Amino acid sequence: MIHQLHPIAALATAPGIGAIAVIRVSGEGAIALTDKAFRGKRLVGQPGHTAHFGTFRHADRGNEPGSVIDEVLVTVFRSPHSFTKEDVVEISCHGSEYIVRQILTRLTELGAQLARPGEFTQRAFLNGQFDLVQAEAVADVIAADSAASHRAALSQLRGGFSKRLKDLRQQLIDFVALVELELDFGEEDVEFAKRDQLRRLMTNIQGVIRPLIESFAAGNVIKNGVPTVIIGKPNAGKSTLLNALLNEEKAIVSDIPGTTRDVIEDELFIDGVRFRLIDTAGLRDTTDTIEAIGVARTRQQIEKAALVVYLFDGQSTTPEELREMIAELDESGKPYILVGNKADLITLHQQAAVTDAITKAGGRPDGIHEVPPILWISAKNAQIDELKSTLSAQVRTNGAMQTGSAVVTNARHLQHLTATDEALARAVAAVDAGTSADWIAMDLRIALRELGELTGEVTTDDLLESIFSRFCIGK
Amino acid sequence: MGGVAKGQIVREIDALGGQSGIISDKTMIQFRMLNRSKGPAMWSPRCQSDRVMFAQEWRDTLERTMNVDFWQDTVSEIIVKDDRVRGVKTSLGVTISGKSVVLTNGTFLNGQMFIGEKTFGGGRTGERSATGLTEQLVSLGFETGRMKTGTPPRVDGRSLNFSRMEEQMGDENPGKFSYSDTAALTKQRSCWITYTDESVHNVLKEGFEKSPMFTGRIKGLGPRYCPSIEDKINRFADKDRHQIFVEPEGWNTVEVYVNGFSTSLPEEVQHRALQKIAGFEKAKMFRPGYAVEYDFFPPTQLKPTLETIKVANLFFAGQINGTTGYEEAACQGLIAGINAHQNVHEKEPFTVKRSEGYVGVLIDDLITKGTEEPYRMFTSRAEFRTLLRQDNADLRLTEMGHKLGLASDERWANTKAKQVSIDRLTQLFRETKLRPEEVNDWLVNRESAPLREKSTVYSLLKRPEIETADALTLLEMASTAAENELQSYAKETVEQAVIELKYDDYLSRERQNAEKLSRWESLEIAPIFDFDNVKALSFEGREKLKKLRPRTIGQATRISGVSPSDISILLVYMGR
């Protein structure tokens with residue numbers, strides 16, 4: 001008999017940058033789940049062992065369709081004719097860690113869980129795919145994998161966060177114990193868990209874990225390079241700038257037009273920070289000046305990046321255009337650098353006039369934030385030193401991207417942190433609604449269990465221990 | 001009987017067809033539903049029974065039971081041949097042969113009682129201890145240990161001044177334990193609450209140097225959660241008072257149980273300390289409290305049926321397994337009894353899952369992890385406690401009881417009918433819509449937001465301020481309501497339907513979790529499985545697995561020290 005368990009997802013190919021990467025989704029509803037992010041043929045109706053081309057997308061925003069993460073080839077396998085004998089989907093995408101993360105994140109949003117080390121193999125085994133001799137090898141792999149990931153967990157949660165999480169977890173245990181005390185010994189002369197204190201503790205914990213959750217993207221930024229995009233109108237000089245940046249860094253760039261399309265990203269090191277210049281394939285197409293940059297395309301690019309360089313032609317760009325772009329960038333919430341090109345062709349006075357125009361004309365309708373200064377360069381003359389130091393300064397000063405603080409890079413940690421956060425959010429909402437302690441305790445126990453996965457085990461025995469050591473109860 | 005988590009157990013026993021609930025109902029002198037102010041999963045029935053009537057009713061019930069013979073004596077030896085029990089020998093030299101034997105020795109195995117510096121053999125006031133049996137079981141290869149429990153003094157109610165205590169009356173509308181048609185109480189007796197203070201503590205401290213606990217004469221492990229009064233004072237020195245529950249022992253007796261004042265200090269100290277308690281100034285003691293130390297057998301030596309692993313058809317139930325409490329003992333007696341019967345008739349073993357009942361949680365905890373102190377049930381021990389409610393024990397368990405032949409046809413028919421009614425009511429709640437003008441006055445009166453448009457009763461039930469008791473009222477307000485029909489539903493049926501609807505999001509999440517974990521419970525680890533062969537296991541995990549020998553992967557996951565990767569590795573090795 002084939003067991004179909006909850007869907008899990010993970011990268012099936014070796015991590016790192018290859019030409020393509022394959023993400024495997026296995027379990028009950030794997031096909032329908034993938035279908036929700038896939039634009040192409042309806043996967044649900046497709047027979048097993050068929051491949052389908054389409055796009056993999058972010059969630060829709062209101063009425064707007066979700067933006068494209070990547071073009072993908074999806075192969076459908078139907079139970080029991082698959083590796084795990086469950087329903088399986090394999091998503092082949094471009095071999096970028098960034099894209100892989102985005103796809104995995106989207107899959108988890110849709111309800112897939114990130115697979116534990118060896119979990120696909122384990123399912124395959126449980127459904128009778130291997131014999132025992134093969135299984136023994138698999139067991140060793142699981143042991144090695146989990147040991148490695150445990151080490152990684154410790155080293156990744158550095159910067160005091162590990163200790164802080166442990167402290168908070170202990171505080172939560174003691175508080176949950178108080179809630180349990182109220183439930184099991186409410187008839188006796190016991191103190192009750194103060195709801196406002198409990199609420200404060202929960203939001204405190206959320207305050208610690210939410211930046212960690214957010215650091216997941218940033219953590220990958222550090223590990224994999226800062227995805228940086230240069231946007232601007234076709235005549236702004238993007239390709240010149242790109243070449244100026246890359247040539248100096250002796251990056252390998254093919255001269256042959258068209259070949260760059262196979263290269264997804266170019267890399268650039270400034271002060272030891274790795275920048276990944278994404279979406280450069282289109283940038284090189286200098287002849288294609290007629291193509292106007294659609295708002296949608298620009299948005300897509302911004303969404304993929306952690307840092308945006310907006311390059312404009314200092315001679316021909318109108319203040320309105322600039323203001324529109326600034327508004328767009330503000331809305332994205334991404335850090336950006338405004339770069340005025342062709343500084344060699346205009347006077348300092350003219351430069352100041354542009355700056356004036358966007359600030360005085362109220363570049364920001366709300367007037368709350370300051371417009372970042374415009375950086376003037378001449379890409380043609382390779383006058384880009386200031387831009388380079390600004391790029392590295394952005395990474396150093398931007399909290400989310402700082403290398404020194406704790407970052408979460410392990411997808412499973414992210415999952416436990418997210419589950420903790422969700423459980424706490426439900427518990428906070430329940431406290432606010434005046435829900436009785438038994439239901440609040442349900443989510444508190446989930447939060448404890450998930451936190452425990454990060455910092456060590458938690459069992460109900462821990463709770464009882466906490467109760468008995470602190471309170472005088474029982475008749 | 002009953003109490004938080006324990007009351008749920010009594011309901012479960014009743015749902016399976018056991019007698020504890022019925023006999024409690026027939027002999028109770030007070031009933032209270034504890035934890036009413038909390039959510040429905042926490043509601044816990046508790047009663048105060050007439051001690052003499054309780055014993056008499058049990059005896060009558062047993063005497064009325066077909067095919068039950070009696071012999072009153074002390075078992076001194078069990079007869080074992082080829083690792084299978086064959087019967088027992090008694091201290092009078094009588095041999096009784098039997099295919100199954102259930103040992104329910106309570107605190108009697110080498111029982112030793114302590115009052116101050118006095119020590120004497122015995123398992124209970126006036127009753128001798130049982131000797132020889134432990135030694136024989138040890139010679140058969142069983143491990144044994146010592147545990148300790150205690151009782152408070154009994155006092156003469158006529159000597160107490162109740163005006164200095166708080167009265168704790170029974171519920172205005174008393175409930176009951178049994179799902180069958182036992183009668184609810186019409187009159188009740190009150191309990192009383194008073195407190196110790198510094199002066200009481202000071203007297204007690206005078207006796208500490210003669211305390212068998214503090215002088216080390218008692219070596220057995222006592223529970224951390226219902227410690228003796230001297231332990232409470234010693235361990236929680238900063239607490240300046242402790243609650244005392246003054247409980248009558250029956251309808252027609254003046255004897256009173258001083259709950260919360262369990263002690264083994266010298267009786268003279270007990271008496272003087274008692275008289276310092278508000279309302280106890282002139283208290284006369286009937287019997288002093290005492291501590292009792294007794295043998296138990298670590299329950300990791302048992303199968304989930306409570307049959308011993310070493311000796312086939314030999315079952316242990318109750319304090320012999322390291323538990324404390326009537327309810328804990330009663331449910332083990334039931335499960336051991338059922339399986340003793342099943343074995344004799346070569347039928348399938350009977351067990352209850354953790355997600356199906358506290359009975360299942362209790363036995364699984366015992367056999368998987370053993371216990372370091374007298375084991376008492378708490379709701380927090382159950383990972384799915386919101387499913388294990390006192391209101392739905394029949395829906396969870398009666399079908400199983402009926403299949404065993406334990407729950408009667410009538411009982412099972414009632415449960416089925418209840419389910420049909422619940423389904424019908426659920427449909428009514430979900431489908432009946434109320435118009436604003438039909439319900440708004442009532443809502444405003446209840447400080448609940450008025451409706452703007454038509455809305456289902458179900459959506460109103462979701463509001464925290466709307467209570468279970470309001471459900472039918474709301475249905476009746478709908479113009480479509482068929483009043484005759486509504487009146488036909490029993491209170492319990494309505495309550496059950498409303499709870500499931502009101503908390504459906506929580507409950508469905510809990511059920512999903514239970515289902516996820518249940519898969520592990522069905523994956524069995526062969527009794528001969530050699531954990532040493534699995535080199536990839538962590539050191540600690542392997543040692544714990546070897547010692548506790550879990551029967552299923554589910555059990556293995558509950559052993560501390562066994563990591564998730566150990567579980568993955570086991571799964572891979574085990575095959576299916």
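Select domain 1 and domain 3 of chain B in this predicted model: their C-alpha centres lie 27 Å apart. To colour them, use the domain assignment of chain B, which gives residues 71-151 + 296-376 for domain 1 and residues 522-574 for domain 3. The assignment also lists domain 2, covering residues 409-509.

Now turn to the place where domain 1 and domain 3 of chain B meet. Five residues from domain 1 and six residues from domain 3 take part in this contact. On the domain 1 side, the residues that touch domain 3 comprise one nonpolar, two polar and two charged.

Next, select helix α18 of chain B, residues 539-548. Which residues of this helix are buried? They are Gly541(B), Lys544(B) and Leu545(B). These residues lie on the same side of α18(B), because they cover an arc of only 100 degrees around the axis. Rotate the view to the face turned away from that buried side, and the exposed residues Phe539(B), Lys546(B) and Lys547(B) appear. Then step past the end of the helix to Arg549(B), which follows α18(B) and has a positive phi, near 40 degrees.

The following stop is strand β9 of chain B, residues 145-151. This strand is mostly covered, with five of its seven residues buried. Add strand β16 of chain B, residues 290-296, to the selection: β9(B) and β16(B) run antiparallel and are joined by seven bridges. To see one position in this pairing, display Gly145(B), which stands opposite Phe296(B) in β16(B).

From the strands, proceed to the nonpolar cores. The largest one has 68 residues, and Phe315(B) and Tyr358(B) are those with the most contacts inside it. Centre the view on Phe315(B). Which residues does Phe315(B) touch, leaving aside those up to four places away in sequence? Among them are Ser100(B), Val101(B), Val102(B) and Leu103(B). Phe315(B) also touches Leu306(B) and Glu307(B), as well as Ala336(B), Asn339(B) and Ala340(B). A second, separate core has 57 residues. To locate this second core, select Leu417(A) together with Leu443(B), Tyr458(B) and Ala497(B), which are included in it.

Finally, display the whole of chain A. This chain has 15 helices and 13 strands. Of the 475 residues in chain A, 39% are buried. Consider also the contacts in chain A between residues at least 6 apart in sequence: 70% of them join residues at least 24 apart.

Methods: Residues numbered from 1 in each chain as written. Chains lettered and ligands numbered in written order. Predicted model: local features only at pLDDT ≥ 70, side-chain atom pairs only at ≥ 80, totals over all residues. Buried ≥ 20, exposed ≤ 12 C-beta atoms within 10 Å, placed from the backbone. Helix = DSSP H or I, 4+ residues; strand = E, 2+ residues; numbered from the N terminus. Arc of directions from axis to C-beta. Pairing = 2+ DSSP bridges. Core = buried A, V, L, I, M, F, W, Y, C linked by C-beta atoms within 7 Å. Contact = placed C-beta atoms within 7 Å. Domains from an automatic or database assignment. Nonpolar A, V, L, I, M, F, W, Y, C, P; charged D, E, K, R; others polar.
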